[in-house]
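I opened this notebook to record what I looked up, entry by entry. The structure comes before the notes.

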Amino acid sequence: MTEQFNLLSGALQEYARILTAEFEKARGSEWPEQFNTVISKRVIGALLARQISYAINVVLNIDLWNHQVGPIVLRPMMETYLKIAWLLQDPQFRCSGIAIADLNGVLDRVQKLEEVAKTHSQDVSQATDLVPLFQNEKSLFDEKVKPIMIDSRSMAAKVGAKAIELYRSHHIFLSSAVHSTWNHIMKFNLARDPNPLHRYIFLPMWSQEVHLDFGYALTAAMYAEYTFAAIFGESGFASNVSADTLVSALENIGALRRIDHNYEED
Amino acid sequence: MSFYFTAEGFVSVGQSYSDAVRQDFENVISNWTIDMSAANVYSVMGGLLSRQCVIATSFARSPALWTYLTAPLFLRAMAEVIINLRWIALDAETRVRQFMLYGLGQERVAIEHQRSLAEFFGEQPANLKAHELWLRSQRHEIFTDVYLGSWSGKQVKDMADESNSFADYLLYTSLGSAAHASWDHVLQLHLEDPSDENSQPVIPKFDLNPEFLMVTAKVLRDTFLSFVSFTGQAMQIFAYDVLMDLLKEYAKAQDDD
């Protein structure tokens, strides 16, 4: 068991190393002309860094490979991909718009926090100390650009194609876990009481034995691949970090086996 | 309390804490008499408590998650659960139904999404049938409405105000930037030098911080306390104190070393 675990750990660490290496290469490379401005590279580059950070975290953390907590980290990955894909459609304008909106939002929240903190005698210096950073950041963007507030669904709709497919396939499942809605709780935190005298009530249950699902690691790899592909195209960085790369690595150590759908018995 | 910490050292702390939470959970649930006339209340409130325990202990058992990258995501999810639980408790019969119907509506949306993908690609997703059967086991699809906006019809702030959950609302709202990768959050973590206009993006080394574990444990303790208050049980919750003792021992062992 230890040997198998070491093999698995080695394969996952190798994939994480590839992710980091491809990110380092990408940030030092020449970006496509339409994104190659200071503002676009700043915002999209940082979001790419975030996406790869998440991907590494999911791939290396087997405790996330289950329906209980995996979605909590995968949903931000889905949103980050949609955000990047949407920003790339009009990078200069949209990067400025979304950054200004977020910075306005946080400055507003800090101000409200200060007012409320006075009545509740709470220390909010950790938040207020960041105000100069946010104000300085705002000055980097064109003040004539209007703040843009947009949700993931709208981003996916504007991007279309793969983004819509991803949104429709994943969003509800991941969001239900993040927000702990009834459709998630009922499937994963309750079990039907077999006693008919209890009218089949649903009992709170909690099993520490969790079903490991490689799909979480593979989906994280897929999001990383799609994100690289959205910025740099499908060849190069994206193909080096593709989900197939991870699948092949896991196949090589016997952790996964492809099912040949065309297999015919003799 | 200051720490010098390693991930390996904290694994046993997380596991021991998790065992203590399980004990508290089993005590509380086994001592809660099922009211068959309010079966939905039992299922929803018990389910929310179970969910909170799962999130907290999954976090505790994996020290690699105790970082600025992932901890905010877990904490925000937990803050939402406790606000929901407390708000539902104020008028359980009505609000439990709202909670359930909203969730079923979400399932219907998921099914419709999958059907539209099936139409587009010309083949059914593998799990579409499972989703349909699951929904049908709860409520016929034609009677399942889809609700837009929040499940309660209120903002989280209003729910927190009504249920006296100001601190949890602060936690929830302050972590929104991390959860949604807002620029104010991303620029702090993923730019080498945010004050430099030409700063390179960076994958930082995320330091492990056991204070995140302490906060999740506190939220879980508060969830348990709200739950036993709702059910009218006179029960003690031990897991939080167990964790604090474990961390003190760990810190002392580090100092001795």
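**Entry 1. A pair within one helix.** I looked up Asp161(B) and found it partly exposed, with a relative accessible area of 44% (buried means under 20%, exposed over 50% and partly exposed in between, with a 1.4 Å probe and protein chains only). Its partner Lys157(B) is partly exposed as well, at 41%. The two form a salt bridge, with the closest N and O atoms 3.0 Å apart (a side-chain nitrogen of Lys or Arg within 4 Å of a carboxyl oxygen of Asp or Glu). Both residues lie in helix H6 of chain B, 4 residues apart, about one turn of the helix (helices, H or I with at least four residues, and strands, E with at least two, are DSSP runs numbered from the N terminus).

**Entry 2. Terms of the record.** I note that this is a predicted model, in which local features need pLDDT of at least 70 and side-chain atom pairs count only at pLDDT 80 or more, while totals for chains, interfaces and linings use all residues. Residues are numbered from 1 along each chain as its sequence is written, chains are lettered from A and ligands numbered from 1 in the order in which they are written, and side-chain values use heavy atoms, with hydrogens and water left out.

**Entry 3. Other salt bridges.** I recorded 21 salt bridges over all chains. In chain A, the side chains of Arg42(A) and Glu137(A) meet in one of them, at 2.7 Å from N to O. Arg42(A) belongs to helix H2 and Glu137(A) to helix H6 (residues 131-138) of chain A, so this pair ties together parts 95 residues apart in sequence. Arg42(A) is buried at 2% relative accessibility, and Glu137(A) is buried at 0%.

In chain B, I found Glu132(B) in a salt bridge with Arg115(B), the closest N and O atoms being 2.9 Å apart. Glu132(B) sits in helix H5 and Arg115(B) in helix H4 of chain B, so the pair ties together parts that are 17 residues apart in sequence. Glu132(B) is buried, with a relative accessible area of 8%, whereas Arg115(B) is partly exposed at 27%.

**Entry 4. The contact of the two chains.** How many residues does each chain give to the contact? I noted 83 residues from chain B and 72 residues from chain A (contact means heavy atoms within 4.5 Å). The chains bury about 6800 Å² between them, 63% of it on carbon and sulfur atoms (buried area is the accessible area, 1.4 Å probe, that two parts lose on being put together, summed over both). Arg51(B), Trp183(B) and Ile203(B) supply 12% of the area that chain B buries against chain A, more than any other three residues.

I counted 1 salt bridge between chain B and chain A. The side chains of Glu107(B) and Lys187(A) meet in a salt bridge at 2.8 Å, N to O.

**Entry 5. Aromatic pairs.** The count comes to 16 aromatic pairs over all chains (rings of Phe, Tyr and Trp, the last by its six-membered ring, pair if their centres lie within 6.5 Å; planes under 30 degrees apart count as stacked, over 60 as edge-to-face and the rest as tilted). Trp65(A) and Phe214(A) have ring centres 5.3 Å apart and planes at 50°, so I entered the pair as tilted. Trp65(A) lies in the loop between helix H2 (38-60) and helix H3 (70-87) of chain A, and Phe214(A) in the loop between strand E2 (202-204) and helix H10 (215-232) of chain A, so the pair ties together parts 149 residues apart in sequence. Trp65(A) is buried, with a relative accessible area of 1%, while Phe214(A) is partly exposed at 25%.

The rings of Phe99(B) and Trp151(B) have their centres 5.1 Å apart and their planes at 85°, so the pair is edge-to-face. Phe99(B) is buried, and so is Trp151(B). I also noted one aromatic cluster, formed by Phe10(B), Phe59(B), Trp66(B), Phe74(B) and Tyr250(B).

**Entry 6. Positive phi.** Most residues other than glycine have a negative phi. I found a positive phi of about 45° at Ala161(A), a residue placed in helix H8 (residues 161-178) of chain A. Ala161(A) is exposed at 69%. For Ala181(B), phi is near 50°, and the residue lies in the loop between H8 and H9 of chain B. Ala181(B) counts as buried, at 4% relative accessibility.
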